[in-house]
Amino acid sequence: MIALEGIQLSHRFGGVLAVQALDLQVHEGRTLAIIGPNGAGKTTLFNLLAGTLRTREGKVLLGGRDVSRFGPERRAGLGMIRSFQHGRTFANLSVMDNLLLGAHGRRLAGRAGLAGGLVELAEALFPFGFRREEARLRAEAAALVAPFGDRLAPGLERPAYSFSYANRRRIEIARALAAHPRVLLLDEPTAGMNPAETLEMIEFLHGLKRAGMTMVIIEHKLPLIMQVADSVLVMDEGRKLAEDVPARIARDPQVIEAYLGPNHLSGATP
């Protein structure tokens, strides 16, 4: 089943065509990596998929449903959750509160009209039940950071700003997972991480794959792409240059010329 589909997506910034009639498909449980030189349109494409940019040309389908007219909140409520290139945590909130925001966002996504009013009434009449639910969500949130060892777990009540940049990236990804995404969009998940931290993130992403998570990843570190991605979409000047399995992409002459460079097989980062 196709989890996410973009059909003839295009976007202009003034006279610049940042994304040009681009098609993509991501099947359930699969991982698509998007690569390309700086300015290729990768983040613009992500913003179109997530709804941060309005879809003016083309369509975005989530599980076969046309979400092109939906904003980012509505798409998130339907299960499309993203991280950002430079990381976005609520700096003054604790790690736990950041994670609970993801979980509560999931709970609140369906509260509209009469249903939302009934939930609010139930919370007022039966507070003990909702306290138990809060305790369950806190336990679930704590479990999300367990794969990162002692980097986050001992400091769940510390403010997010007190952590390193790499750890704030981990917090952001864990918060996205707390929302139980149907499709997870990760914009450079290893940005700011050293080689050891990158290897740890690769293992974490492998764990998500084993759990059946559907992911779309923008990433510049080729070892991650080669190990994690099921397929790779290469962008250049807003268009799709190539799309194939990682091994074939690594040997594609057009891709080598436009992006990878002659040392790509050594695992060097362009």
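The following exchange introduces a predicted model through its sheet, its helices and its confidence values.

Residues are numbered from 1 along each chain as its sequence is written. In this predicted model, local features need pLDDT of at least 70, side-chain atom pairs count only at pLDDT 80 or more, totals for chains, interfaces and linings use all residues, and side-chain values use heavy atoms, with hydrogens and water left out.

Biologist: Which strands stand at the edges of the open sheet?

Modeller: Strands are DSSP runs (E, at least two residues; helices are H or I, at least four), numbered from the N terminus. Two strands pair if DSSP finds at least two bridges between them. The sheet has 6 strands with mixed pairing, in the order E6-E7-E8-E3-E9-E10. Because each has a single partner strand, one side is left without a neighbour in the sheet for E6 (80–82) and E10 (239–244).

Biologist: Which residue of E8 stands opposite Leu 184?

Modeller: Strand E7 (residues 183–187) and strand E8 (residues 214–218) pair in the parallel sense over 5 bridges. Opposite Leu 184 in this pair stands Met 215.

Biologist: At what angle to E8 does helix H7 run?

Modeller: Helix H7 (residues 195–210) lies across E3, E7 and E8. Axes are lines fitted to C-alpha atoms, for helices over the stretch in contact (heavy atoms within 4.5 Å), and angles run from 0 to 180 degrees between N-to-C directions. Relative to E8, H7 runs at about 150°.

Biologist: Where is confidence lowest?

Modeller: pLDDT is the predictor's confidence in each residue, from 0 to 100, and the protein's mean is 84. Strand E4 (residues 57–62) has the highest confidence, at 97. The lowest, at a mean of 47, is in helix H4 (residues 113–125).
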